[in-house]
Amino acid sequence: MSTFAIEKNTRTRPLASELSPEQIRSTVEDELRNIPFIDVHTHLFMPSLGQLGLWGIDELLTYHYLEAELFRSSRVAPAEYWTLNKQQQADLIWQTLFVDNPPVSESTRGVVAVLNAFGLDTRTRDLKQAREFFAQRELAAHIRSVFKLAGISEVAMTNDPLDPQEAEAWEAGAAPDPQFKAVIRLDRLLDKWAEYVPKILSKGYLVDVEMSVNALTEVRRFLHDWAQTMNPVYMACSLEDTFQYPEDSPRAKLLTRAVLPACRELNIPLSLMIGVRRQVNPTIRLAGDAAGVADLRAVERMCSAFPDNRFLVSVLSRENQHELCVYARKFANLMPFGCWWFLNNPSIVEEITRERIEMLGTTFIPQHSDARVLEQVIYKWRNTRRTMAPIFTNSYTLLVEDGRAVTREDICHDIKRMFRSNFERWIAPDGVSSSRP
Ligand code: FIX
Ligand code: ZN
């Protein structure tokens, strides 16, 4: 009961569908389970992109998150590990992280959850059963089954037009797939301009390392042409913790004079994922990136300077999260999303999500999976639902305590907004610059 004395009982007759505090938790859990989510950032690939798509037990176990954990528990040095083949690597990781030691970390427990979801032995000493299971799966049916288990309807991919293997597949006419939304990934263009000028020239775009006015126009044409091929829902780049904007760099010129204008012309958002410290330990390859506190004044300046652009922003440092919420209160063209990478752990997801709700209501996108291997969406979204349920329950309980009835329709509305329509409106052709319904 509220601690504030109510001068007079102004409550109107209770709503027929008004939830009691006890009913709120179960209703939140129901709606989290019933509503299919959109996964707004992954490294998954539609089946027509062929071998780029990763799935099955050996890919699950050689995920770079697990490789980082392996090197903390195994005497095998990275240099030796990289000489092993994929199955040998997976066997070593299974033995070290799952047999020799209980798999209690977020990423190891995730593999257990995937095996369990398919009714496979989670205490086995070898991978024979799992390998036989995945070997007999037909990919299209497997994808449908995985999406259903994960409670997702579609995912956004990460598509790099400067990746030779991927570009070739798209140029060969890879069939689009409504469950896999394309996203033009810009890291190579922005971070390795001089290195990729010859490649872009070879495709018929008159660019130059000095980045003449004409070159920038040609980059916009390059982006428009790839947008024609991929039909992207947004463009994206990851940026280091040292990212500054504006800055006197090829990256800033490309963002200002090519990428942001192209996004406006295509009416799609730009996703900025800020705070990575690239390759602090290159001996462990993809696992070698770390996190750093970024100067979010760069986000402030971009949102302010480009009011007609819509931004999706995720930051990698826990220390930047509160600041990002404050900026989202200042700029309606800024949509915070996800608990990225090293933040995707319940203890931190809880803190981030609570402060977002307290400051932004439901005008943000709580989570993305960042899945690199298909079946990871099963555990990443299961964990998200499990972590979010008490957070949302608390928010509605407080609302009832403070004097406003809550219904199932309210809860359904908010979950749909956070996990679907905030994104749909952000990428919509008639895109709005806020998440107003
Ligand atoms: O830049 C990104 O998209 C990051 O998510 C990846 O580079 C990173 O390796 C990852 O998969 C994190 O979950
Ligand atoms: Zn990613």
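# A tour from strand E6 outwards

Select strand E6, residues 270–277. Seven of its eight residues are buried, so the strand is mostly covered. Keep in mind that this is a predicted model.

**Stop 1: the neighbours of E6**

Leave E6 coloured and add strand E5, residues 234–240. E5 and E6 run parallel, joined by six bridges. To see one facing position, pick Glu 240 and look across to Val 276 in E6.

Now show helix H13, residues 250–266. Together, E5, H13 and E6 form a right-handed β-α-β unit.

Add strand E8, residues 311–315. E8 pairs with E6 in the parallel sense, over five bridges. Label Ile 274 and Val 315: Val 315, in E8, is the bridge partner of Ile 274.

Which way does strand E7 run against E6, parallel or antiparallel? Select residues 290–291 to find E7. The two strands run antiparallel, with two bridges between them. Val 276 has Ala 291 as its bridge partner in E7. Val 276 also stands opposite Glu 240.

While the strands are on screen, check the side chains. In a regular strand they alternate between the two faces of the sheet.

**Stop 2: the open sheet**

Hide that group and show strands E1, E2 and E3. They make an open sheet of three strands, ordered E1-E2-E3, with parallel pairing. E1 (37–39) and E3 (180–181) are the edge strands, each with a single partner strand, so one side of each has no neighbour in the sheet.

Zoom to strand E2, residues 152–156. Two bridges join E2 to E3. Ala 156 stands opposite Lys 181 in E3.

**Stop 3: salt bridges**

Turn on side chains. The structure holds 27 salt bridges. Side chains of opposite charge can pair when their charged atoms come close.

Start with Arg 251 and Asp 191. Their closest N and O atoms are 3.6 Å apart. Arg 251 lies in helix H13 and Asp 191 in helix H10 (residues 187–191), so the pair links distant parts of the chain, 60 residues apart. Is Arg 251 buried or exposed? Arg 251 counts as buried, because its relative accessibility is 13%, under the 20% cut-off. Asp 191 counts as partly exposed, at 34%.

Widen the selection to Asp 191, Glu 240, Glu 247, Arg 251 and Arg 278. These residues are linked in a network of salt bridges. Glu 240 is the residue that stands opposite Val 276 in E6.

Next, centre on Arg 318 and Glu 351. They form a salt bridge, with the closest N and O atoms 2.7 Å apart. Arg 318 sits in the loop between E8 and helix H15 (321–330), and Glu 351 sits in helix H16 (residues 346–360), so the pair ties together parts 33 residues apart in sequence. Arg 318 is partly exposed, at 43% relative accessibility. Glu 351 is partly exposed too, with a relative accessible area of 32%.

One more pair: select Arg 404 and Asp 410. Their side chains meet in a salt bridge, 2.7 Å from N to O. Arg 404 counts as partly exposed, at 41% relative accessibility.

**Stop 4: the largest pocket**

Switch to a surface view. The largest pocket contains about 1,200 Å³ of space. Which of its 34 lining residues are the closest to its centre? They are His 43, Thr 158, Arg 185, Leu 286 and Arg 372.

Colour helix H3 (64–73), H10 and E6. Each supplies at least two residues of the pocket lining. H10 is also the helix that holds Asp 191. Then colour the lining by class: 11 residues are nonpolar, eight polar and 15 charged.

**Stop 5: the cavity**

How many cavities of 30 Å³ or more does the whole structure have? The search finds one. The largest cavity holds about 30 Å³ of space.

Select its lining: Pro 161, Leu 162, Ala 167, Glu 171, Lys 203, Phe 222 and Trp 226. Helix H9 (164–171) and helix H12 (213–230) are the elements that give two or more residues to this lining. By class, the lining has five nonpolar residues, no polar ones and two charged.

Terms used: Residues are numbered from 1 along each chain as its sequence is written. Chains are lettered from A and ligands numbered from 1 in the order in which they are written. This is a predicted model: local features need pLDDT of at least 70, side-chain atom pairs count only at pLDDT 80 or more; totals for chains, interfaces and linings use all residues. Side-chain values use heavy atoms; hydrogens and water are left out. Buried means under 20% relative accessible area, exposed over 50%, partly exposed in between (1.4 Å probe, protein chains only). Helices (H or I, at least four residues) and strands (E, at least two) are DSSP runs, numbered from the N terminus. Two strands pair if DSSP finds at least two bridges between them. A crossover is right-handed if, with the strands pointing away from the viewer, the path from the first strand over the helix to the second runs clockwise. On a 1 Å grid over the protein atoms alone, a cavity is a set of points where a 1.4 Å probe fits but cannot get out, and a pocket is an open set with protein on both sides within 12 Å along at least five of seven lines; lining residues have an atom within 4 Å of a point. Grid points are joined across faces, edges and corners, and a volume is the space filled by probe spheres set on the points. Ala, Val, Leu, Ile, Met, Phe, Trp, Tyr, Cys and Pro count as nonpolar, Asp, Glu, Lys and Arg as charged, and the others, Gly among them, as polar. A salt bridge is a side-chain nitrogen of Lys or Arg within 4 Å of a carboxyl oxygen of Asp or Glu.
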